[in-house]
Amino acid sequence: MNFRINNIVCLSSLLGLCLVMACVKDKNFDTPESDCESDLTANYTIGDLKALYVDELIQIQEDWVIEGYVVSSDLAGNFFGTLHIQDNLIDPTQGLQLEIDLRDSHLFYEVGSKILIKTKGLYLGMSRGAIKLGGVFSAFGNPAVGRLPAAVVGQHLFNSCDPLGSPQPKKVGVDELDDSMISTLVQFANMEILLAELGLTYAVKEEETIRTLTNCEDLELELLNSGYSDFQANPLPEGNGTITGVLIKDNKDYQLVIRDSSDIAFTDIRCEDLVDEFTSSKIFISELADPDNNTGARFVELYNSDSEPLSLKGWTLRRYTNDNTEISSTIDLSGYEIEGNGTFVISPNASEFENVYGFPPNHGVSINSPADSNGDDNLELVDPFGTVIDIFGVIGEDGSGTNHEFEDGRALRNGNVSEANPIYTPSEWTIYNDSGEAGTINVPQNAPDNFNPGIR
């Protein structure tokens, strides 16, 4: 009888143990406690710790405690094996990446929670341009910072008893980034996905994938997405707007990692859909120069007869050499503007131009460009929409001996001309050369005395 009772007790105990074990889904049995730590006090800063790294991996031997606020989350699966903290909820000065082998770390270290880290025994090193704190592993025989095993994470990372905070992203521009921002929460405005990548998903399945962010100034930033994230298969957003994420670094390139697709708010019109290219008949060619004494002092001058500045985005200046009917060379004028009632001087030899005339040109270009004509070529000024706004010469006709030859001389737009003309009209010009044919003036011009670039 006792034998049977003992067997039943044993079977019941075994069954209970089996049920308990069946409820355990995670192999990380030694996960950190969720209780907060009230006895620890920081005695070292993230900045102090990062300053210790020089050129090689170090193991920290001192009983330092640093504190920081969590800004990353692995809830959506876009972060894995890393925890990013910054030294302040608002306006952080430093951030730090912690390497931990702990799944679902967001359950223990929520975004906005203040954590304290006992650094003694941890390793500090640099990987791919970013300073990291964690355990150690061997890479091709060389020690490097690796993930801290889950079993010992709780011996180094502790939640503070401070209430949960709300980290505010630092608003920055793509051209303002520096290494102090690594592992901090940042936000960019007026960003969008590169046009060539629209229609793609956030990431290739099960592959770490780089997508490209750009702004209206064509500055780019890499967006790093995990192929295991919850939003991996979602299409990239099409609009323009703000994006928030944790800044990281891959060697020389900064990258942004979002915590979830909700970090992106692209609700505005894309840059390329905005009307920022304009046409105007107020911009025209006002002077062409081929000095008899110095080919390095050649130039083309444009003039804006409008009282307002006009952007040259998308505008081009085209040259047809001699009697060619095909374009020989082009100057892209994007990135510049002409002031109201102002000139814009283009030189094929900027250093010689400044040496001769005493000031730099507005735009220095190459030799054999439209600004480097020897006087018998034809030029067109073209707006962003492909319309010829102004012209000098007759396309397909060599200028030699014609009413549009300015060899060894100067072609000057008359002062009463205030608008562009897409049809060459000789009466709008006073032309000096070395031949005097077809109503031109046979008086070769020398630089600088016979020219006044920048003045109309």
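A disulfide is a pair of cysteine sulfur atoms within 2.5 Å. In the predicted model described here, a search of the whole structure finds two disulfides. With bonded cysteines counted along the chain, their pattern is 1-2, 3-4.

One of these links is formed by Cys216 and Cys271, whose sulfur atoms are 1.9 Å apart. The torsion about its S-S bond is -80 degrees, and the link of Cys216 and Cys271 is left-handed. Cys216 is located in the loop between β13 (209-215) and β14 (220-225), and Cys271 in the loop between β17 (264-268) and β18, so the pair ties together parts that are 55 residues apart in sequence. The two cysteines were also assigned to burial classes, for which the limit for a buried residue is under 20% relative accessible area. Cys271, with a relative accessible area of 9%, is therefore buried, whereas Cys216, at 33% relative accessibility, counts as partly exposed.

The other disulfide joins Cys36 to Cys161, with an S to S distance of 2.1 Å. Here the torsion about the S-S bond is about 85 degrees, so the disulfide is right-handed. Distant parts of the chain are linked by this pair, 125 residues apart: Cys36 belongs to the loop between α1 (2-23) and α2 (46-51), and Cys161 to the loop between β10 (157-159) and β11 (170-171). Cys36 is partly exposed, at 42% relative accessibility, and Cys161 is likewise partly exposed, with a relative accessible area of 38%.

The nonpolar interior was examined next. In soluble globular proteins, nonpolar side chains tend to be buried together. In this model, the largest nonpolar core has 29 residues, and Leu302 and Leu333 are those with the most contacts inside it. At least two residues of this core are supplied by each of the strands β18 (283-289), β19 (299-304), β24 (342-347), β26 (378-382), β27 (388-392) and β29 (429-433). The largest share, four residues, comes from β18.

The surroundings of Leu333 were then considered, leaving aside its neighbours within four places in sequence. Leu333 is in contact with Leu302, and further with Leu312, Trp315, Thr316, Phe344, Ile346, His363 and Leu381. Apart from the core that includes Leu302 and Leu333 lies another core, of 26 residues. Among the residues of this other core are Tyr44, Trp64, Tyr109 and Ile131.

Terms used:
Residues are numbered from 1 along each chain as its sequence is written. This is a predicted model: local features need pLDDT of at least 70, side-chain atom pairs count only at pLDDT 80 or more; totals for chains, interfaces and linings use all residues. Side-chain values use heavy atoms; hydrogens and water are left out. A nonpolar core is a set of buried Ala, Val, Leu, Ile, Met, Phe, Trp, Tyr and Cys residues joined through side-chain atoms within 4.5 Å. Buried means under 20% relative accessible area, exposed over 50%, partly exposed in between (1.4 Å probe, protein chains only). Contact means heavy atoms within 4.5 Å.
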